[in-house]
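These are my notebook entries on a structure I was asked to examine. I record each item in the order in which I looked it up.

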Amino acid sequence: MQNNQTEKKVLLRISHLKQWFPVKKTTIGGEQLYVRANDDISLDIYEGETLGLVGESGCGKSTLGRVLLQLYHQTEGKTMYYGRSIDSLAPSYVERTLKGLERGRAKLRELEARRDQLVREYEALDENARLSKKAEKDKAVKEAHSLFLDMAQLVGGFLALDDLKPVKELFLQEYRAAAALHKMKDARALVQISRNALEGRIEAAREKGKNSASQAAKLRKMDADLSARDGKIAAAESELSRIRSEIDALRHKYAGQEKFDEYERYRDTGIDLAKLRYKEMRQLRKDLQLIFQDPYSSLNPRMTVGQIIGEGLLAHNFFEKNDDRMMDYIMKTMEDCGLSSYMIHRYPHQFSGGQRQRIGIARSLAVKPKFVVCDEAVSALDVSIQSQVINLLQDLKEKEHLTYLFITHDLSVVKYISDRIAVMYLGNVVELARSEDLFNHPLHPYTEALLLAIPTTDLDHRKQIVPLEGDIPSPIKPPKGCKFHTRCKYATDACREAVPDFIEAEPGHFVACHHILDHKVIE
Amino acid sequence: MSKNEKRKSSLLLTIRRLFGIREKETDLLKEEQMQSPFRTMVRNFVTNKVAMFGMIVFLLIFGTVFIGSAIYPLDVNQQDTTQQNISPGFNMLSIPSALKDNAQDVAVGSTFAVGVDRDGKLYQWGKLTEKLQKMPDADKTYVQVSAGLNHALALTDEGKVVTWGNDRLGLANIPFEVKDATDIKQIAAGYQVSFVVTESGDVYYWGNPNALTISIPEELQGTVDKLVLNLTTAFVLTKDGRVVMLSNSATPFANIPEEIQGTVVDIAANDRAVAAVTSDGQVHVWGTNDYGLFEVPEAAQGKAASISGGRFHFTVITQDGTVVSWGNDLYGQSSAPELQNVVSTDSGYFQSYAIDEDGHLTGWGLKGYLFGTDQYGRDVALRMLAGGRMTMTIGAIAVIISTIIGVIIGGISGYYGGWLDNLLMRFTEIVMSLPFMPLAIVLSAIVGNRLSEVGRISMIMVILGLLSWPSLARLVRAQILSAREQEYVTAAKAMGIREFTLIFRHILPNVITVVIVNTTLAFASCLLTESSLSFLGFGVVEPSPTWGNMLNSAQNSDVIADMWWRWVFPSIALSLAVVSINLIGDGMRDAIDPKSNER
Amino acid sequence: MALLELRDLHTFFTTKKGIVKAVNGVSYSVDAGRTLGIVGESGSGKSVSAMSILRLLDGNGYIDSGEILFEGRDLTKATNEEMYKIRGNKISVIFQEPMTSLNPVFTVERQLNEVFLTHQKVSRKEASRRSLEMLQAVKIPNPTNVLKQYPHQLSGGMRQRVMIAMALACQPRVLIADEPTTALAVTIQAQILKLMNDLKEQNGTSILFITHDLGVINEMADDVAVMYCGQVVEMASVETIFGENPYSHPYTEGLMNSIPRLNTPTGVRLEAIPGAVPHPLDLPKGCKFAPRCKYATSRCLAEEPALYEIEDGHQIRCFYPCKADRTRDIEQMKEAQHAK
């Protein structure tokens with residue numbers, strides 16, 4: 001499902017994501033069961049868009065939002081983040097993969113051989129026998145592909161070379177240069193914030209009519225330190241680009257070889273979030289934020305609004321601890337989010353529900369994120385407050401160029417706010433389309449049923465809801481084949497056996513169904 | 001409103017609320033504005049009258065016990081056979097008003113005093129036993145009195161000796177010689193014996209022959225001028241100014257200085273030393289130099305006219321009629337008031353009395369015991385102060401030990417989870433299932449005997465601490481588990497907060513409040529457990545007092561029936577302390593419960 | 001005559017900080033066989049007014065004044081004994097949380113039987129037979145099995161069906177449904193709503209339907225009462241509320257404009273009602289909605305409007321009920337300000 005719309009930049013790419021939660025065993029030695037909250041999800045999120053995620057309670061939409069942010073350790077699949085170049089973070093998994101490049105390729109060859117054999121066996125079977133064999137074959141294909149991707153994403157076409165050693169050395173050099181640069185920049189940032197804090201103190205003193213020579217001298221010393229660091233950073237940067245051009249030259253040399261070009265296509269500059277260490281992920285959390293459903297329980301009742309918002313700023317080195325400018329910044333953020341700045345010393349319990357949600361939003365947006373998951377951000381609010389918060393989210397999005405993943409069960413809200421909408425059912429995305437397309441022209445029977453089940457405020461549609469019969473199956477033992485077949489009025493034998501692929505049925509309109517609908521539900 | 005003003009007004013408000021004064025509700029929103037969760041907790045606690053009452057009671061007990069025991073230190077080994085089982089009260093110096101300005105003679109007994117006025121009427125006051133209360137014939141006229149441990153003597157103007165009070169051990173059997181005698185000069189009642197000295201210089205005595213091992217040499221008869229006695233022996237002053245001890249034992253009392261023989265005008269004996277006044281007004285003391293008895297004050301040395309002795313102190317009348325006391329001053333018996341024209345004194349046990357020439361009677365020294373005394377004559381009130389300190393210290397240290405263990409084990413278990421949690425929790429359950437009392441008793445019986453006093457006390461603390469942590473550990477674990485699941489912890493994690501901050505800022509505060517409440521309540525139960533152990537005799541043992549082992553005596557039915565003060569006061573103190581701590585704990589629990597804010 | 005009628009009901013709660021007037025002069029009525037939808041935000045008193053009918057108030061709540069007429073009798077004056085006979089028999093209730101309203105330690109059968117055994121003189125066997133009938137009536141698949149199950153073995157939708165079965169067991173005259181579908185998934189909500197509508201048609205039960213969801217109200221109700229701060233601010237038939245109408249309360253209008261609908265175009269800003277619901281202990285003096293109302297005048301802030309009957313069966317608590325008039329007024333005001 002590679003995307004053709006190349007003009008839009010992908011921010012997050014999720015492929016074959018699985019999140020299974022183990023269920024406590026009731027008998028010793030019994031089969032280990034899992035709640036399959038997310039079961040093979042592939043999804044691209046584009047920069048600057050609002051992607052709506054709808055589904056009934058228990059379909060795994062909240063889990064998906066949290067897995068994206070690595071609040072759970074994902075069971076399987078890849079979550080690639082493109083908001084930063086991999087060099088700017090220099091995560092340690094790159095080094096690990098590079099060092100084991102030769103061993104990895106040997107393993108890959110083994111897996112590929114096994115895969116090919118299984119595929120041959122599968123092709124030889126007839127239609128009915130295939131259905132049962134498919135899972136095993138798919139698994140082998142996936143395993144081989146996953147290992148291949150781990151390496152190809154980093155080195156690209158070079159994986160096709162016979163002798164990996166020189167390439168490996170070169171890439172390791174690049175990694176080390178990037179890591180050193182990253183360290184230098186972090187250190188510089190720390191100096192910078194203490195310099196800023198000092199400057200703030202000097203200014204404050206000057207306003208009171210005091211001038212401290214020692215402080216001014218210290219400031220000059222810090223400035224000198226900073227420019228010295230800048231020089232070193234510039235040198236490290238040029239070193240890095242030298243290594244890069246060396247790699248580029250090498251790449252140029254091999255370009256044109258068939259296998260090389262094929263592998264080169266898999267080269268990926270994204271960061272594989274699942275492989276990051278706690279510390280590395282912590283740095284990225286600045287970019288990836290979460291707004292919670294329950295505005296009360298997600299705020300620490302023992303902290304003031306100022307502390308709640310300031311906590312993230314301190315953790316990500318925006319300010320030094322006792323910097324007065326941080327207070328100004330927090331107040332500004334609060335005002336941006338529709339809170340009066342004098343409330344900065346209040347505690348969460350002194351706010352109404354809508355205001356609390358604004359605090360949650362202010363906390364997330366203060367660290368200037370790129371991507372925000374809004375997990376039922378307005379569902380717990382009163383009707384008249386919901387629209388205030390929706391408006392606020394819309395305004396902030398425009399102002400800060402944010403990307404939203406908007407998780408909700410409310411179809412009217414999601415239609416209003418989203419550019420594209422993904423519909424989830426029992427751990428799977430069953431349909432993904434632009435929001436107009438999805439509502440005008442749903443292709444999946446579940447989407448259709450969902451649209452028909454929602455009561456509207458439209459008098460003409462009064463008493464016309466068509467309930468979807470049956471209960472939502474358990475995510476521990478989901479139905480075989482298409483998970484929706486137990487409630488689907490179009491279900492056939494194929495639905496009961498085979499899992500439908502997630503295909504692009506129309507441009508930009510993806511669906512996972514054996515019987516794609518071709519009629520319009522809502523005119 | 002400035003910050004200071006705010007604080008002040010909230011304090012005022014608190015105090016007013018405490019006394020139930022409610023003012024008009026201020027602007028609701030304004031009030032809400034100044035509430036931090038911590039302040040809300042404090043306010044919730046302070047406005048809870050029951051909890052505040054508990055707090056005040058506990059602070060009073062705590063303060064009394066710790067400050068009191070510092071001001072009145074207890075000598076744990078101090079005992080006094082003359083002061084056993086005295087009921088509470090302060091009437092030992094309550095001189096009857098009729099006697100006060102008309103006194104002729106006075107005598108001090110162990111817990112009471114006897115006096116006779118110039119009209120020959122008998123009086124007695126203080127702690128009187130049943131037998132003492134049966135006073136002799138009021139028709140007669142008396143001229144002299146003497147008091148012993150629990151009996152008294154009086155001399156009529158007809159020269160007859162009367163005895164009352166304790167009538168056992170032959171005390172009631174006045175010898176014929178005495179009955180017949182008409183020239184009795186001095187009567188002296190002591191520890192289960194009575195003496196008489198006649199004008200002719202003869203000495204007679206009766207009573208318990210084993211109380212004092214004395215022998216009166218034949219050649220002494222007819223020469224005796226005055227006789228003094230203490231609990232172990234007696235001395236006589238002969239008419240020619242010599243001092244003779246009436247027993248042959250080689251005690252320090254026997255070191256009568258040779259140089260004074262022949263010049264002595266008055267002698268006195270107490271239970272540590274003997275003093276003699278010579279004709280030049282000098283005071284000579286020999287015996288044991290306790291309580292500074294040998295250091296005769298300047299005011300008395302060289303000016304002494306006569307002397308009398310209490311249990312551990314001496315009182316001298318100087319030649320110019322003033323009074324000087326020295327020696328043990330535990331009850332103020334050596335702090336003589338400034339008197340003039342004193343003609344006679346009597347010091348006995350822990351009191352001293354002086355009569356001046358107008359017949360004014362003044363007394364000083366021990367007035368009585370607040371909570372009475374126990375079977376060894378120890379002051380129950382003093383022992384309660386020291387015992388309370390011991391009990392609370394043991395409780396506090398045990399609680400600290402159990403809190404440290406509980407928090408560490410519960411914290412590790414809750415935060416890291418997994419197999420470690422499993423292991424620690426099983427261990428906790430094992431400790432929990434140990435039967436506490438039997439184990440403590442067995443441990444104390446096996447190990448305790450080999451330990452010193454301090455070691456034994458520490459052992460009790462450790463046993464209590466080591467066996468009482470499991471419930472706290474489970475509580476802390478549960479609290480951490482629930483705190484970890486709080487959405488704001490997830491939020492902080494999603495924000496990219498450092499793990500360290502996460503634990504200290506978001507998880508620990510939830511635990512601390514619970515730990516404080518639990519510790520408070522555990523403290524109360526530790527007090528009780530220590531007391532039960534000591535009550536049964538397996539905790540802290542005598543002579544170190546604790547509230548528990550003070551109750552030990554209540555195992556005796558006589559004590560329960562007749563000597564209520566020996567068990568009522570410690571048990572009241574213990575229950576008050578435990579109840580007030582529990583009230584505080586419950587109050588704190590309510591205060592930190594966020595729901596209580598909404599009610 | 002209306003089957004159930006509330007007349008000027010006041011229900012108060014005593015709290016540490018003062019008296020909360022949760023229901024402050026509410027009047028509404030439910031006719032036989034009709035559904036009255038009560039819509040309002042949290043704290044508007046919609047649930048409390050309904051719970052007052054059955055006197056199921058928390059310990060610190062009490063009915064201060066007013067009448068609750070049921071079949072012509074005033075329930076506020078009924079004895080506890082009489083109330084026991086009415087609850088679950090003539091008036092029954094369904095709550096939001098089906099899990100907490102069922103006792104987890106008894107089977108469905110036992111809990112259903114209890115209703116019959118309490119209110120009707122039937123044998124245990126007969127009760128079981130009727131329980132089975134009830135489960136069939138609420139369209140529970142495989143009812144004989146479900147009877148023997150415990151609440152935790154059922155899904156949320158099934159539990160709510162059991163609750164409905166229990167509520168309808170004695171064929172009550174009035175069913176109070178307090179947000180019965182809020183906790184359910186959308187498709188299950190649709191099932192329950194349809195079931196309730198069907199059962200109502202069959203049995204002619206009147207329903208008092210409480211929700212904050214305007215869509216659900218549109219689906220279920222015949223008449224609608226909009227509540228705000230313990231008062232009914234507008235009452236009319238559902239067609240009047242959701243259809244084109246020259247009159248409306250500004251709060252109702254605001255609610256309608258503020259929720260996105262399926263036909264709301266993207267990119268158009270939502271017309272949010274500014275501010276928040278006032279603190280129940282700190283209610284404004286005049287019209288309760290005035291501080292948030294864009295049409296509010298000084299009169300609104302000073303004086304409390306009464307509930308006027310603006311047209312037949314349409315009551316509004318506002319000085320300016322005509323939409324066109326107040327919009328024009330506000331434009332004129334703006335022009336006047338510009339002119340200045």
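Which backbone oxygen does the side chain of B:Thr513 reach? I found that the side chain reaches the backbone oxygen of B:Asn510, at 3.3 Å. I note at the outset that I am reading a predicted model.

**Entry 1: B:Thr513**

I placed B:Thr513 in helix H13 of chain B. Its relative accessible area is 14%, and B:Thr513 is therefore buried, the limit being under 20%. I then listed its contacts, leaving out residues up to four places away in sequence: B:Thr513 touches A:Arg302, B:Met41 and B:Ile592. I also looked up one C-alpha separation: B:Thr513 and B:Asn44 are 469 residues apart along the chain, and their C-alpha atoms are separated by 14 Å.

**Entry 2: B:Ser69**

I turned next to B:Ser69, which sits in helix H4 of chain B, residues 49-71. I read a relative accessible area of 5% for B:Ser69, a buried residue. A polar atom of the B:Ser69 side chain lies 3.3 Å from the backbone oxygen of B:Phe66. With neighbours within four places in sequence set aside, I found B:Ser69 in contact with B:Thr64, B:Leu385, B:Ala386 and B:Arg389.

**Entry 3: backbone geometry**

I checked the backbone for unusual torsions. Most residues other than glycine have a negative phi, and most peptide bonds are trans. Three places drew my attention.

- I found a cis peptide bond from B:Glu542 to B:Pro543, with omega near 5 degrees. B:Pro543 belongs to the loop between helix H13 (499-536) and helix H14 (547-550) of chain B.
- I read a positive phi, near 50 degrees, for A:Glu376, a residue other than glycine. A:Glu376 is in the loop between strand S7 (371-375) and helix H13 (383-400) of chain A.
- I read a positive phi of about 55 degrees for A:His401, which is not a glycine either. A:His401 is in the loop between H13 and strand S8 (403-408) of chain A.

Are A:Glu376 and A:His401 buried or exposed? I found A:Glu376 buried, with a relative accessible area of 6%, whereas A:His401 counts as exposed at 64% relative accessibility.

**Entry 4: the interface of chain C and chain A**

How many residues of chain C are in contact with chain A? I recorded 48 residues of chain C in contact with 43 residues of chain A. About 3,800 Å² is buried between these two chains, and carbon and sulfur atoms give 56% of that area. On the side of chain C, I noted that C:Thr187, C:Glu219 and C:Leu262 supply 19% of the area this chain buries against chain A, more than any other three residues.

I then looked at the polar pairs. The interface of chain C and chain A holds 14 residue pairs in polar contact, counting pairs with both residues at pLDDT 80 or more. The elements of chain C that give two or more residues to the side touching chain A are helix H8 (186-203), helix H9 (214-220), helix H10 (238-242) and helix H11 (250-258). H8(C) gives the most, with 9 residues. By residue type, I recorded 25 nonpolar, 15 polar and 8 charged residues on the side of chain C that touches chain A.

The salt-bridge count between chain C and chain A is 1. I traced a salt bridge between A:Asp395 and C:Arg269, whose closest N and O atoms are 2.6 Å apart.

**Entry 5: C:Glu41**

I located C:Glu41 in the loop between strand S3 (35-39) and helix H1 (46-54) of chain C. C:Glu41 counts as buried, at 2% relative accessibility. Which side chain does the side chain of C:Glu41 meet in a polar contact? I found the side chain of C:Tyr251, at 2.6 Å. Leaving aside neighbours within four places in sequence, I noted contacts of C:Glu41 with residues of chain A, including A:Asp382, A:Val383, A:Ser384 and A:Ile385. In chain C its contacts include C:Lys46, C:Met227 and C:Arg292.

**Entry 6: confidence in chain A**

I closed with the confidence values. Chain A has a mean pLDDT of 86, and 97% of its residues reach 70 or more. In chain A, I found confidence lowest in helix H5 (residues 127-155), at a mean of 82, and highest in strand S9 (residues 420-425), at 94. Over residues 1-6 of chain A the pLDDT is below 50, and this stretch has 9 contacts in the model beyond near neighbours in sequence. Where pLDDT is low, the predicted coordinates should not be read in detail.

Key: Residues are numbered from 1 along each chain as its sequence is written. Chains are lettered from A and ligands numbered from 1 in the order in which they are written. Side-chain values use heavy atoms; hydrogens and water are left out. Helices (H or I, at least four residues) and strands (E, at least two) are DSSP runs, numbered from the N terminus. Buried means under 20% relative accessible area, exposed over 50%, partly exposed in between (1.4 Å probe, protein chains only). Contact means heavy atoms within 4.5 Å. Buried area is the accessible area (1.4 Å probe) that two parts lose on being put together, summed over both. A salt bridge is a side-chain nitrogen of Lys or Arg within 4 Å of a carboxyl oxygen of Asp or Glu. A polar contact is a pair of N or O atoms within 3.5 Å; within protein, one must be able to donate a hydrogen and the other to accept it, and residues adjacent in sequence count only if both atoms are side-chain atoms. Ala, Val, Leu, Ile, Met, Phe, Trp, Tyr, Cys and Pro count as nonpolar, Asp, Glu, Lys and Arg as charged, and the others, Gly among them, as polar. pLDDT is the predictor's confidence in each residue, from 0 to 100.
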